[in-house]
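Here's an informal look at how a sheet, its packed helices and a handful of rings fit together. Have a glance at the model first, then read on.

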Amino acid sequence: MSPVLSGVQVTAATRILTVLGDPVEHSLSPLIQNAALAEAELDAIYVAFRCDGEDVPTLIRALARAGGAGNVTLPHKERAAAVVEEASEAVRRTGACNTFWSENGTLYGDNTDVQGFREALHVFRPTGVAGARVLLLGAGGAARAALVSLLDEGVGEVVILNRTLERARVMSRRIGGDRARVAESVSDLEDREFELVVNATRLGLRPEDPLPVALEKLEAVGGVMDLVYGRKETPFVLHARAAGIPAVDGREMLVRQGAASFARWWNRSAPLAAMRQVLDDGSEG
Ligand code: NAP
């Protein structure tokens, strides 16, 4: 994938935007955000910092105070939510923050994964999810954003399955209300039908990862949204398609949440087409 920054003059005035995470090497945010900055002719660069959780509060505060801004990715979004001074409704509802910036000395935080998931869902399922039964895998930052979006879209029931049961219970109690319930294991789901399965675990990031769930164990599945993304289709997307189930990976959500973050930092709408194009150019299928 060719760097889009070639030819850009970095000066003392250049604004620095970051994504903070661990791991962060897989992130395609630098690619799409630098493409957006180039298209919009903004004097800024976007870089990834792999950092420990304990450094997140200091980094966010210092970067924002110095005129920078950025994203936060796994596993630091919950910690970031506790740092920002002015939290958006999405941050308050999810307890997770993926976007920070400073205005007049105040540190703002938003969770644009909520908007990104909702918009990607509309692209994948134009008919929506009103009344639908959804299986949500995971209980981290991405899962919380998906759960908030699904509830706002009128979903009938969300069944949450997560490796750490207690984390799923906390998420269900905090966000889900009476439309969410927690499954204790995949065997609880064997005779269940789901209109949609959402993978919000990190399984699929590494080639050696197991599938987040074996879809043949479920009675019927109408579609799969894998929030994981990479330069190729994810193993879970390939697994679903092999079973004849329509499936998408997390790239559309990535572009949508990135565009929403861009809008917060620059008070203007993002060049969505340029962001999507750079992903398509680098895609290996
Ligand atoms: P996170 O807060 O660290 O949560 C990770 C989730 O994965 C938790 O539910 C965790 O379960 C589960 N998990 C981790 N290792 C596991 C394993 N070995 N077996 C089973 N479950 C495991 O991360 P996140 O921010 O929610 O991100 C999750 C994924 O979504 C990442 O791949 C990220 O890249 C992707 N994402 C994509 C977008 C997008 O725009 N497409 C946006 C946000 C996130 P435990 O609770 O048991 O630890």
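## Rings, sheet and helices

Searching the whole structure turns up 3 aromatic pairs; rings of Phe, Tyr and Trp (its six-membered ring) pair if their centres lie within 6.5 Å, with planes under 30 degrees apart counted as stacked, over 60 as edge-to-face and the rest as tilted. Two of them are among the pairs tabulated here.

| Pair | Ring centres | Planes | Class |
|---|---|---|---|
| Tyr46 and Trp265 | 6.1 Å apart | 45° | tilted |
| Trp101 and Tyr108 | 5.6 Å apart | 15° | stacked |

This is a predicted model, where local features need pLDDT of at least 70 and side-chain atom pairs count only at pLDDT 80 or more, while totals for chains, interfaces and linings use all residues. Residues are numbered from 1 along each chain as its sequence is written, and side-chain values use heavy atoms, leaving out hydrogens and water.

Tyr46 sits in strand β2 and Trp265 in helix α9, so their pair ties together parts 219 residues apart in sequence. (Helices, H or I with at least four residues, and strands, E with at least two, are DSSP runs numbered from the N terminus.) Tyr46 is buried at 2% relative accessible area, and Trp265 is buried too, at 5%; buried means under 20%, exposed over 50% and partly exposed in between, with a 1.4 Å probe and protein chains only. In the stacked pair, Trp101 is buried at 8%, whereas Tyr108 is partly exposed at 24%.

Now the sheet. It's an open one of 6 strands, ordered β2-β1-β3-β5-β6-β4, with mixed pairing; strands pair if DSSP finds at least two bridges between them. Strands β2 (44-50) and β4 (86-87) are at the edges with a single partner strand each, so one side of each has no neighbour in the sheet. Strands β1 (residues 15-21) and β3 (residues 69-72) run parallel over 4 bridges, and Leu20 has Val72 in β3 as its bridge partner.

Helix α9 packs on this sheet, touching β1, β2, β3, β5 (99-103) and β6 (106-110); contact means heavy atoms within 4.5 Å. Of the 16 residues in α9, 14 are buried. Its end C-alpha atoms are 22 Å apart, which agrees with the 22 Å expected for residues 251-266 at 1.5 Å a residue, the expected span being 1.5 Å times one less than the number of residues. Right after α9 comes Asn267, with a positive phi near 50°.

Key:
Axes are lines fitted to C-alpha atoms, for helices over the stretch in contact, and angles run from 0 to 180 degrees between N-to-C directions.
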